[in-house]
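Here is a short note to read alongside the model, written for someone new to structures. Please keep the sequence and the picture in view as you go through the points.

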Amino acid sequence: QVQLVESGGGSVHSGGSLRLSCAASVYGASPYCMGWFRQAPGKEREGVATIDKYDYTTYQFSLKDRFIISQDKIKRLLYLEMNNLSPEDTATYYCAAATEIRLCAVAANWNGDYWGQGTQVTVSS
């Protein structure tokens with residue numbers, strides 16, 4: 001059982017930066033990987049980035065030059081640093097955790113067993 005709580009969302013101007021955080025409470029086996037999804041209104045959910053227990057990271061190809069995923073395994077905190085934001089990045093961002101290695105594929109096509117409630121990111125022109 002994993003409970004996840006996101007924070008750090010907000011409104012920024014185009015070109016700005018934000019850092020999202022996700023606090024994990026783990027009851028039982030630790031996740032093999034954690035990561036982020038995002039979903040814009042009227043669009044499908046898409047994977048953003050993942051990081052596994054060995055700190056191996058993957059990124060959606062179009063985002064890897066601007067986004068950085070990291071974690072503090074002692075504090076059980078997950079981060080997403082987002083730079084040079086544009087209005088196309090406006091979405092609800094979800095933290096997720098996966099218990100099995102088979103779910104921890106590349107960021108463009110991964111899945112989670114547990115999900116946070118989401119945090120809104122709005123980027124204005």
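1. In which order do the four strands of the open sheet stand? The order is E1-E3-E8-E7, with antiparallel pairing, where strands are DSSP runs of E of at least two residues, numbered from the N terminus, and two strands pair if DSSP finds at least two bridges between them. Strand E1 (2–7) and strand E7 (67–72) each have a single partner strand and stand at the edges, so one side of each is left without a neighbour in the sheet.

2. The model is a predicted one, in which local features need pLDDT of at least 70 and side-chain atom pairs count only at pLDDT 80 or more, while totals for chains, interfaces and linings use all residues. Residues are numbered from 1 along each chain as its sequence is written, and side-chain values use heavy atoms, with hydrogens and water left out.

3. Within the sheet, strand E3 (residues 18–26) and strand E8 (residues 77–82) run antiparallel and are joined by six bridges. As one example of bridge partners, leucine 20 is matched with leucine 80 in E8.

4. Threonine 50 belongs to strand E5, and this residue is buried (under 20% relative accessible area, with a 1.4 Å probe and protein chains only), its own relative accessible area being 4%. Its side chain makes a polar contact with the side chain of threonine 58 at 2.5 Å; such a contact is a pair of N or O atoms within 3.5 Å, where, within protein, one must be able to donate a hydrogen and the other to accept it, and residues adjacent in sequence count only if both atoms are side-chain atoms.

Definitions and conventions: Buried means under 20% relative accessible area, exposed over 50%, partly exposed in between (1.4 Å probe, protein chains only).
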